[in-house]
Amino acid sequence: MDQVLPIALVSLLLGTAIALIFFKNYFLKRKSEIGSISKPELHSDLHKKPPKPTHQSKKPLSKPHSHVSSDKDHNKKHHPLDLNTLKGHGDSVTGLCFSYDGRSLATACADGVVRVFKLDDASSKSFKFLRINVPAGGHPVAVAFSDDASSVVVASQTLSGSSLYMWGEDKVKAGDDSKQQPKLPLPDIKWEHHKIHENRAVLTLVGTASTYGSGDGSTIVASCSEGTDIKIWHGKTGKVLGNVDTNQLKNTMATISPNGRFIAAAAFTADVKVWEIVYSKDGSVKEVPKAMQLKGHKSAVTWLCFTPDSEQIITASKDGSIRIWNINVRYHLDEDPKTLKVFMIPLHDSNGATLHYDRLSLSPDGRILAATHGSMLQWLCVETGKVLDTADNAHNGDITWIAWAPKTIPAGVYRRNKALSNQKGDGQTFVLATASVDKKVKLWAAPPLESA
């Protein structure tokens with residue numbers, strides 16, 4: 001035991017000495033390497049010309065200038081019919097709707113907010129808007145105006161199904177004109193219904209005034225579910241006025257004619273079913289019987305819209321065609337609707353195959369058909385089927401909804417370019433609004449018809 005201890009001590013000292021010698025040589029070598037690398041750099045820096053102070057002082061100032069110029073270049077690339085962009089949405093914009101006077105635009109956004117913009121001038125740099133927060137847990141998917149611009153019907157999607165709300169403002173009592181008027185109160189929920197289509201989502205929500213026959217002119221709203229059912233609501237009271245069933249596996253969309261007489265639906269099949277809303281003498285809805293069926297397409301109808309006079313329907317199909325139908329027939333006598341025109345969709349993929357349109361919207365004068373496919377927006381002449389203009393990338397993502405303002409809107413900046421618009425002498429023009437998953441809503445002027 002006495003011999004082991006000295007041997008261990010000697011081994012420890014020798015190991016320590018060897019380690020010190022190794023690390024000393026390593027650091028000396030590392031120092032020489034660092035020196036051999038740094039000296040040439042230092043030497044070369046001495047031969048370099050020092051940067052001019054004026055160049056350094058200008059560099060930070062050049063960034064904002066180049067940013068502005070790039071913005072200008074970007075603006076130059078905008079489509080000539082692009083009037084404006086409504087920003088500020090926090091998520092995908094899922095739906096939009098104009099008020100009856102065309103001066104208010106309501107948008108439904110997946111961020112849980114409905115915004116109602118005031119459109120005094122479509123080319124304004126900023127817009128005032130009213131913010132309506134949907135109850136927690138819901139995401140607005142569609143919106144429609146009720147009897148006036150201060151009443152908004154909203155379809156909201158929750159985990160348990162779809163809800164329908166109507167926000168409205170109380171009328172402000174007339175007071176002394178000499179006193180300053182108080183601010184208008186925020187709209188309150190006037191009525192609400194939950195699980196309106198059981199646990200199914202709402203695909204479309206459309207409202208119009210019931211002016212046909214003995215209709216009292218009040219707003220009726222149609223909600224179309226992703227199932228096969230469609231419900232008709234009274235806009236002011238929220239009362240259910242009728243139900244229809246497409247019996248076609250699943251719905252694609254549904255809409256009401258401008259005069260409130262017909263409901264038409266596109267569903268899984270190639271046929272379009274049309275129902276008539278029959279009104280009682282007191283203006284209430286009596287019944288909603290099936291009126292007719294549009295047969296002629298060879299594949300599913302993707303979208304449809306009525307003409308302003310409610311006497312024709314325009315349909316787009318996956319068969320690559322657009323059809324214009326005359327529905328002003330005596331269907332009570334088994335007279336079938338007539339196909340007036342058939343146009344091939346002027347849209348093809350890289351292999352030459354015809355594509356279909358996702359959505360359609362007809363201008364208030366019935367002359368220009370706006371259509372979308374993905375992020376592309378196209379304008380067609382209803383008379384000839386000719387393409388009037390195309391915006392290949394109207395949005396940075398798929399377009400979710402389109403709608404024309406029912407009346408012309410002032411477009412101050414656009415007055416300078418009258419050659420491109422169908423605007424009136426007072427600088428007003430027909431305006432199309434598009435919503436997209438890119439969190440934006442865009443306003444577009446109507447293209448000219450002279451070349452069609």
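Colleague: Which residue is the bridge partner of T255 in β16?
Modeller: Keep in mind that this is a predicted model. Strand β15 covers residues 251–256, and its antiparallel pairing with β16 runs over five bridges. On the β16 side, T255 has as its bridge partner A264.

Colleague: Thanks! In the hairpin of β15 and β16, which residue takes a positive phi?
Modeller: Five residues lie between the two strands of that hairpin. The positive phi there has a value near 80°, and the residue that takes it is G260.

Colleague: And which residue of β17 stands opposite F262?
Modeller: Happy to go on along the chain. β17 spans residues 272–276 and is joined to β16 by four bridges in the antiparallel sense. These two strands also make a hairpin, with four residues between them. Opposite F262, in β17, stands E276.

Colleague: How many residues of strand β16 are buried?
Modeller: Let's take the two sides of the strand in turn. In a regular strand, side chains alternate between the two faces of the sheet. Here F262, A264 and A266 point one way while I263, A265 and A267 point the other, and all are buried. β16 is therefore largely enclosed by the rest of the structure, with a buried count of six of the six.

Colleague: Let's turn to the open sheet of four strands: which strands stand at its edges?
Modeller: The order in that sheet is β25-β26-β27-β28, and the pairing is antiparallel. An edge strand here has a single partner strand, so one side of it is left without a neighbour in the sheet. That description fits β25 (359–362) and β28 (387–391).

Colleague: What does the twist average from one strand to the next?
Modeller: We are still in the sheet with the order β25-β26-β27-β28. From each strand to the next, the twist averages 15°.

Colleague: Which residue in β28 is the bridge partner of L380?
Modeller: L380 falls within β27, residues 376–381, which is joined to β28 by four bridges. The two strands run antiparallel. In β28, L380 is partnered by V387.

Colleague: Now for rings: are the planes of F117 and F129 stacked, edge-to-face or tilted?
Modeller: The count of aromatic pairs comes to five. For F117 and F129, the ring centres are 5.1 Å apart and the planes stand at 40°. Since stacked needs an angle under 30 degrees and edge-to-face one over 60, this pair is tilted.

Colleague: How many residues apart are F117 and F129?
Modeller: F117 belongs to strand β4 (residues 113–118) and F129 to strand β5 (residues 129–133). The pair links distant parts of the chain, and the separation is 12 residues.

Colleague: Is F129 buried, exposed or partly exposed?
Modeller: Its ring partner F117 is buried, at 3% relative accessible area. F129 has 42% relative accessibility. With buried set at under 20% and exposed at over 50%, F129 counts as partly exposed.

Colleague: How many disulfides are there in the whole structure?
Modeller: Among the cysteines, C224 is buried at 1% relative accessibility. C381 is buried too, with a relative accessible area of 7%. A search for disulfides through the whole structure finds zero.

Colleague: To finish, what percentage of the residues in the protein is buried?
Modeller: The protein has two helices and 33 strands. Its accessible surface is about 24300 Å², with 55% of that belonging to carbon and sulfur atoms. Of the 452 residues, the buried ones make up 47%.

Conventions. Residues are numbered from 1 along each chain as its sequence is written. This is a predicted model: local features need pLDDT of at least 70, side-chain atom pairs count only at pLDDT 80 or more; totals for chains, interfaces and linings use all residues. Side-chain values use heavy atoms; hydrogens and water are left out. Rings of Phe, Tyr and Trp (its six-membered ring) pair if their centres lie within 6.5 Å; planes under 30 degrees apart count as stacked, over 60 as edge-to-face and the rest as tilted. Buried means under 20% relative accessible area, exposed over 50%, partly exposed in between (1.4 Å probe, protein chains only). Two strands pair if DSSP finds at least two bridges between them. Axes are lines fitted to C-alpha atoms, for helices over the stretch in contact, and angles run from 0 to 180 degrees between N-to-C directions. Accessible areas come from the Shrake-Rupley method with a 1.4 Å probe; for residues, only the protein chains shown count as cover. A disulfide is a pair of cysteine sulfur atoms within 2.5 Å.
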